[in-house]
Structures are given as C-alpha cells and as structure tokens.
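Subject: Structure for your review

Dear colleague,

Please find below the structure that I am handing over to you. I would be grateful if you kept it open while reading the notes that follow.

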Amino acid sequence: MEHAMPIPLPAAATMSRRRMLGAYLAEMRSECLRYLRAPGFILPMTLFSTVFYLMFGVLLNHGEASRYLLASYGAFGIIGPGLFGFGVSLAIERDGGLLTLKRALPMPPGAYLLGKMVMAMIAASVVVALLLAIGILLAHVSLSPGQMLALLATGAFGVLPFCALGMFVGTLLKGQGAPGLLNLVYLPMAFLSGLWLPLSMLPRALQRIAPVWPSYHLNQLTQAAVGLNHDPLLGHVLALAGFAAVFLWLAARRLRRNG
Amino acid sequence: MNVSEQVVARLAGVEKRYGRLVALENTGLQLRRGELLALLGPNGAGKTTAISLLLGLLRADAGTVELFGRDPQDVRARQRIGVMLQHAELPGTLRVGELLRLTASYYPAPRSVAESARMAGVDDLLTRPYAKLSGGQQRRVQFALALCGRPELLFLDEPTVGMDIETRQRLWAAIRQLLAEGCSVLLTTHYLEEAEALADRVCVMARGRVIHEGTVEALRARVATRRIRCLSAVDAGVVCSWPAVTAAERRQGRLHVTTEAAEAVVRRLLDADPQLSELEVQRAGLAEAFTELTRESEQGLPETRREVA
C-alpha cells in the first residue's frame with residue numbers, strides 16, 4: 001500500500017505543552033460555566049440530599065442519629081453529580097452531535113472526560129459542604145476540622161466511580177431517556193446499600209449482598225470520616241477504584257465502537 | 001513540490017460496511033492543497049461515511065484513509081483541519097466568544113477571537129448565549145468555530161442549510177477568501193448552485209461509489225442535453241416527433257423543447273414558424289447533469305446489488 005509523505009508541520013504549529021494545558025483548562029472552564037448557568041440541571045442534584053437531611057437529620061432525629069445520617073445522606077448526595085452530571089450530559093451530547101464534533105476536532109482526548117470529572121467533583125464538594133453546614137449549624141453535630149476535611153475529600157474523590165458508572169449508562173442510550181434509567185440505578189442502589197435506612201433494618205439477604213453496590217463502600221468511607229466506622233478502609237477504597245476502572249473500561253469500549 | 005505532497009486528504013480503495021449494508025465500496029478520492037472539492041450525491045450515497053472516515057470518526061474495513069499523510073485518528077493530523085458538521089448542538093448557555101476561545105484552545109496557532117468572528121460575520125454576537133441565536137446565526141457561529149484554528153483543510157457539511165440568500169452569499173465570500181489563502185475545502189451540499197459557485201472539482205457519489213469526478217464544466221459537458229424556449233405557434237406534439245427531440249411541451253404559452261441536437265431543431269423551428277420570437281437556448285445545468293448521472297448509475301446496477309443496498 002503506498003503512502004503519501006507526511007506534509008511537514010511548520011515549526012511554530014506544534015502544540016506546545018503550555019497550549020496543551022490551556023486546552024485542558026479551557027475545557028474544564030467551559031464545562032463548569034455551562035452547568036453553573038443551567039440551574040435546572042444542578043439544583044435537583046444538590047437539593048435531593050440536603051432536603052432529605054433537613055427532614056430526617058434535623059427535624060425528626062437528633063444527636064448521634066444526625067451524625068449517622070450526615071454520612072449516609074452525604075454518600076447519597078455525592079453519587080448524584082457523578083451519575084447524573086456525567087450520564088445525562090453524555091447521553092444528550094451523543095444525541096445532539098456535540099460529542100461527534102468534539103471527536104472530529106483536535107481536542108486532547110482526555111480533556112472532555114477531565115472537564116466533566118472536575119465539574120462532578122466540584123458539585124459533589126458543594127453538596128458535602130451544604131450537608132456539613134446543616135449538620136453543624138442546625139443539627140449540632142460536633143465534628144473536628146479533620147473530620148470535615150475527610151468528608152469533603154471523600155466527596156471529591158468518592159464521586160469518581162459514579163462518574164464512570166454514569167458514563168457507562170450514558171453510552172447505553174441517547175438523549176432524554178437517560179435521567180429515567182439513571183434514577184432506576186440511583187434510587188434502588190441507594191436503598192439497597194443502606195443510605196436511606198440503616199442496613200441493620202433491611203432483610204438479612206439484602207444485607208449480605210450490599211457489598212455488591214459501590215454505594216455501600218462509599219457509605220463506609222463517609223461513616224469513617226464522621227467517626228462512626230473504625231474498621232480498615234483500604235478494602236472499600238480498592239473496591240471503589242475497581243468499580244471505577246471496570247465501568248470506565250466498559251464505557252470507553254462502547255464509545256469507541258458506537259460513538 | 002511533488003504531487004503526493006500536494007494531497008491533503010485521500011481515500012483509496014476504501015470499503016466500509018455496517019453489518020450487511022455496504023456503505024462504501026472501493027471508494028477513492030483525493031483533495032489537493034488550495035482546492036474546493038464538492039461531494040455530491042443523493043441521501044444514502046455514502047458522503048457522510050466518507051467524511052466520517054476522513055475525520056477519524058469511523059475506521060475503514062479496508063483501504064487507505066489519510067489526512068496530511070497520517071491516520072485521521074492521529075490528533076496531529078486533525079490539528080490542521082476545521083470542521084462544520086451538519087448537526088451539532090453546542091452548549092446553549094455558553095456565549096459565542098467563549099465557544100470560540102474553547103475551540104481555538106485545541107489548536108497550536110489559532111486565529112484571534114476577533115479575526116475568526118469577523119471572517120464569519122459574527123462579531124456582533126460575541127457576548128450572546130448560543131441558545132439565544134437564530135438558526136442562521138448558529139450556523140455562522142459554527143462556521144467561525146471551523147475556521148478559528150487557522151486550518152489548512154476545512155470540512156463543511158451542508159454549511160448553508162437554513163441561511164437566507166444574503167447570509168449564504170457572505171459565507172461563500174468567506175470560503176473564497178480562505179481558498180485564496182491556500183486552505184483546502186471539502187464541501188458537501190444539496191444545493192447544486194453552491195457547488196457550481198465554489199467548486200474546482202466535483203465528486204458525485206451514488207450507492208457507496210464515486211461515479212464521477214472532475215471539474216464542474218466536465219460534469220456539465222457529460223450531459224449533451226440543451227433546452228430551447230421560445231414563443232411559437234408550432235404544436236408541441238409535432239415537435240415531439242422530430243428526430244433527436246427528447247421532450248416538447250407548452251408551459252405558460254411558451255414552447256419548451258429538450259434535445260441533444262439544438263442547432264438542427266432550432267433551424268427546423270424557424271423554418272416552420274417565421275413568426276417565432278424570444279428564442280433561448282441553454283445548456284443543461286449541474287442539476288440536470290447530476291440527475292442524469294445518478295439515474296444512469298441506478299440503471300446500471302445489477303439486480304442483486306440493488307437488493308443488498
């Protein structure tokens with residue numbers, strides 16, 4: 001097979017490291033701006049867990065129950081931006097042709113994913129900060145600064161496996177069908193891993209399969225952050241990393257094949 | 001410079017199937033530096049597949065696909081192209097200036113936001129959110145995004161759909177300016193007058209194959225048909241029976257004759273009706289040539305292939 005010689009690039013036209021970094025930053029900035037200006041997309045994700053916490057953690061419960069619920073609604077609130085921020089926007093962008101355009105443009109391949117990841121991390125951190133404010137100011141949960149930071153960090157990084165899961169769901173269908181399917185994943189998974197009711201109140205069979213759900217492991221981490229779980233955490237961190245890797249791989253494979 | 005260095009994009013012997021459907025079969029086309037190639041063909045002819053291959057969105061099942069001598073999936077090749085797709089819903093909450101800055105950030109040496117906006121005629125829209133623009137304004141913004149990276153090759157997929165005549169003319173002028181600067185353009189369009197106005201060469205596709213490639217003139221010359229119009233009392237039915245006349249009819253009082261032997265028919269018409277007036281003879285346009293070509297290719301298809309496609 002004959003090949004035409006590559007036409008040499010002019011020296012000035014190679015992508016400098018600085019411009020490459022600039023492309024990543026521009027993508028992140030755009031991704032954050034576009035959603036901050038669309039409150040209809042952001043608010044439901046953040047309000048869900050904060051309203052629940054206000055009702056059950058402040059009005060109906062006090063003391064250690066409020067501490068427990070801060071962690072479990074925290075896990076619930078962290079999952080949302082990952083699943084919906086990634087899944088819904090990917091499904092819509094695949095449908096509208098934006099993803100096709102971006103793949104045709106010389107966008108650095110990682111910039112698109114990183115932009116959405118950063119947006120989800122920021123949204124998850126905002127949710128945790130709101131819950132912390134409610135917990136400390138209204139429910140009078142006492143937390144050390146270290147515990148607060150631990151919960152914030154769990155939010156920022158714990159959202160990532162759910163980004164991967166949302167991304168995978170976003171590759172399964174296009175357009176407006178995504179929120180429905182994501183809720184079918186989100187709500188049962190939250191219930192089955194003890195984010196709404198403590199696991200001890202669920203049937204034994206459900207308790208036994210709880211570690212199947214990534215949200216169960218996230219809940220163990222948020223409980224540890226507020227000082228309610230003193231077991232080793234490495235296993236949960238590895239489980240979440242494993243979920244992230246598997247769903248990222250599945251999603252990337254589907255995107256490569258189907259666009 | 002030798003010829004191979006002038007080729008900016010190339011398909012050679014390309015095959016692409018979707019399951020049992022053959023989208024492209026032994027397709028070849030070349031785009032040279034500084035020229036505009038118009039890719040024409042009915043829906044389902046394989047134009048979109050050909051473009052998707054050159055953009056690296058699809059992989060060919062067989063054959064060679066090259067962009068600046070590289071694999072189109074190599075980002076270094078795509079840093080030299082600009083793209084305007086037929087369907088792309090850009091983020092509606094971002095302002096035009098922000099979209100331009102974002103897209104320009106992907107390129108090594110982009111134009112300034114002001115320059116891109118001026119070339120595409122969107123300088124007055126920079127602070128407006130994309131979703132608030134009319135359809136024609138959105139197309140102009142997409143054109144600005146296509147040229148903002150200072151591309152050496154521009155892919156324009158149906159760029160003027162939804163534009164009014166004046167906007168279309170301004171876009172054509174901008175395309176001509178880019179061509180004059182040495183940029184190459186691969187244009188797909190349903191408007192044959194657009195191809196006629198801009199193209200150096202046209203490539204006509206049908207049923208996954210390139211059925212004609214050449215200059216606009218060469219394509220028109222392939223069709224020998226000419227049309228005669230005049231005011232005359234001669235009966236259309238009689239003219240129909242004359243040799244080399246393919247059709248004759250009377251529309252709005254005028255006699256319309258289609259023939260491959262215009263001179264002979266005109267002579268006979270003048271003899272038959274000395275009162276004949278307002279005589280016009282026209283060569284068939286690109287539209288007729290195109291229709292004829294695609295019809296030929298349909299008729300030339302063996303029965304079996306028609307079923308598969």
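In chain B, strand β6 and strand β7 (residues 184-188) run parallel and are joined by five bridges. Please bear in mind throughout that this is a predicted model.

The link between these two strands may be followed along the chain. Together with helix α7 (residues 165-180) of chain B, strands β6(B) and β7(B) form a β-α-β unit, and this unit is right-handed.

Strand β6(B) also pairs with strand β5 (residues 81-84) of chain B; the sense is again parallel, and four bridges connect the two. Within this pairing, I81(B) lies opposite L153(B) of β6(B).

Is strand β6 of chain B largely enclosed or not, and why? Its five residues, 153-157, are five out of five buried, so the strand is largely enclosed by the rest of the structure. The side chains can be sorted by direction: L153(B), F155(B) and D157(B) point one way, while L154(B) and L156(B) point the other way. Residues on both sides are buried.

One residue of this strand deserves a separate look, namely D157(B), which belongs to β6 of chain B. Which residue of β7(B) is the bridge partner of D157(B)? It is T188(B). The side chains of D157(B) and T188(B) are also joined by a polar contact of 2.4 Å.

D157(B) is buried but takes part in no salt bridge. The nearest side chain of opposite charge belongs to K47(B), at a distance of 6.7 Å. For a salt bridge, the side-chain nitrogen of a Lys or Arg would have to lie within 4 Å of a carboxyl oxygen of Asp or Glu. Leaving aside residues up to four places away in sequence, D157(B) touches M84(B), L85(B), Q86(B), R139(B) and T188(B).

Chain A may be described more briefly. How many helices and strands does chain A have? It has eleven helices and zero strands, and from the N terminus on, its elements therefore read as α throughout. The C-alpha trace of chain A spans about 75 × 35 × 35 Å along its principal axes. Of the 259 residues in chain A, 50% are buried. Among contacts in chain A between residues at least 6 apart in sequence, 77% join residues at least 24 apart.

I hope that these notes are of use when you examine the model.

Yours sincerely

Key
Residues numbered from 1 in each chain as written. Chains lettered and ligands numbered in written order. Predicted model: local features only at pLDDT ≥ 70, side-chain atom pairs only at ≥ 80, totals over all residues. Heavy atoms only, no water. Buried < 20%, exposed > 50% of the residue type's maximum accessible area, 1.4 Å probe, protein only. Pairing = 2+ DSSP bridges. Right-handed = clockwise from strand over helix to strand, strands pointing away. Lys, Arg positive; Asp, Glu negative; His and termini not counted. Polar contact = N/O pair within 3.5 Å; in protein donor to acceptor, adjacent residues only side chain to side chain. Contact = heavy atoms within 4.5 Å.
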